[in-house]
Amino acid sequence: MHSAGGTPAVEAVGLVKRYGGTAAVDGLDLTVRTGTVTAVLGPNGAGKTTTIECCEGYRVPDAGRLRVLGLDPATQAATLRPRIGVMLQEGGIYPGIRALEMLRHVAGLHAHPLDVPELAERLGLDSCGRTPYRRLSGGQRQRLALALAVVGRPELVFLDEPTAGLDPQARHATWDLIRELRADGVTTVLTTHFMDEAEELADEVAIVDAGRVIAHGSPAELSRGGSADVLRFSGRPGLDLASLRAALPAGSQAEEPSPGNYRITGDVGPRLLATVTAWCAQHGVLADRISTRRHTLEDVFLELTGKELRS
Ligand SMILES: Nc1ncnc2c1ncn2[C@@H]1O[C@H](COP(=O)(O)OP(=O)(O)OP(=O)(O)O)[C@@H](O)[C@H]1O
């Protein structure tokens, strides 16, 4: 069993990894609590994969302190590896091996593996189980890599873009699997470019840019930061904004950015919507084109990391 408190599953302080003169990871601080799902988000080239590879012991940091399950992955990889699950990159799998053979082989290396046929069925690998690896589709390879990462019942699993290239069915099967791992006390660290995936799965989100964590918190905490939620409606121009503002809950704002178009910011929820429509009814206003837009993790991500493309 894994304790919920105590030693974090991952603890990185001031982590640095350079390639040549360039720091891909540049003073990164990250704590992953045991038993949680942590999503590491960031633009292309932010240093996510490099960080994960340092945690897995595949890359040696140039500076900083890194502990994974309390161990130093650079010097204690042999002790650490049997306790963690990693998604192997393409090059790590023999091209002629069949998918189920590979899964059985890796399961056989562990003392208490998951049931191979059941896992294969869950991830839709049973029908392609006899197909050599080199003939598997991109999505099938991705699902096999995920199965290989979890089959040994690791305490901690690192999933680098686990649902990239997957169809919606496989994506949901993957999400269900990650939720079950969490229910079993397994810690998951995943990278993703899908904000909805992070919102669905993650207890904690770390946003990485230029090799550092620039924001950290639960999806709800992060979404509460930054710009506010917005409710918009149209009506006749020149409504009495002072009266409308007086009716709104504290902390809300009302404005008319262009004639007849109204914009209300604040805690946009059922109560605010009811207040606005009640005020409109009292003042003989037929509110038209009412829309609400809640601030999403994607909004926060773009606010923090900007909209320009990364090289
Ligand atoms: N082996 C390497 N040699 C030289 N530079 C590298 C190497 N691996 C990664 N880099 C560079 O380090 C930076 C961080 O790369 P990394 O793969 O960690 O980013 P990432 O956040 O995972 O990006 P993506 O979202 O595109 O997968 C990039 O600028 C990348 O070009």
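A residue counts as near the ligand if its C-beta atom, placed from the backbone, lies within 6 Å of that molecule. Keep that in mind for the views below, which all come from a predicted model.

**View 1. Who sits around the ligand?** Going along the chain, the ligand's surroundings start with Tyr19 and Ala24. Then come Gly42, Asn44, Gly45, Ala46 and Gly47, followed by Lys48, Thr49 and Thr50. Sort this shell by character and you get 6 polar residues, 3 nonpolar ones and 1 charged one. Helix α1, which covers residues 48-56, gives the most to the shell, with 3 residues.

**View 2. Strand β6 is covered on both faces.** Now look at residues 156-160, the strand β6: 5 of its 5 residues are buried. In a regular strand, side chains alternate between the two faces of the sheet. Here, Leu156, Phe158 and Asp160 belong to one side, while Val157 and Leu159 belong to the other, and all of them are buried.

**View 3. β6 and its partner β5.** Strand β5 (residues 84-86) runs parallel to β6, and the pair is joined over 3 bridges. To spot one of these pairings, find Val86: its bridge partner in β6 is Phe158.

**View 4. From β6 to β7.** Strand β7, residues 187-191, also pairs with β6 in the parallel sense, over 5 bridges. Try finding Leu159, whose bridge partner in β7 is Leu190. To get from β6 to β7, the chain passes through helix α6 (residues 168-183), making a right-handed β-α-β crossover.

Definitions and conventions
Residues numbered from 1 in each chain as written. Predicted model: local features only at pLDDT ≥ 70, side-chain atom pairs only at ≥ 80, totals over all residues. Helix = DSSP H or I, 4+ residues; strand = E, 2+ residues; numbered from the N terminus. Nonpolar A, V, L, I, M, F, W, Y, C, P; charged D, E, K, R; others polar. Buried ≥ 20, exposed ≤ 12 C-beta atoms within 10 Å, placed from the backbone. Pairing = 2+ DSSP bridges. Right-handed = clockwise from strand over helix to strand, strands pointing away.
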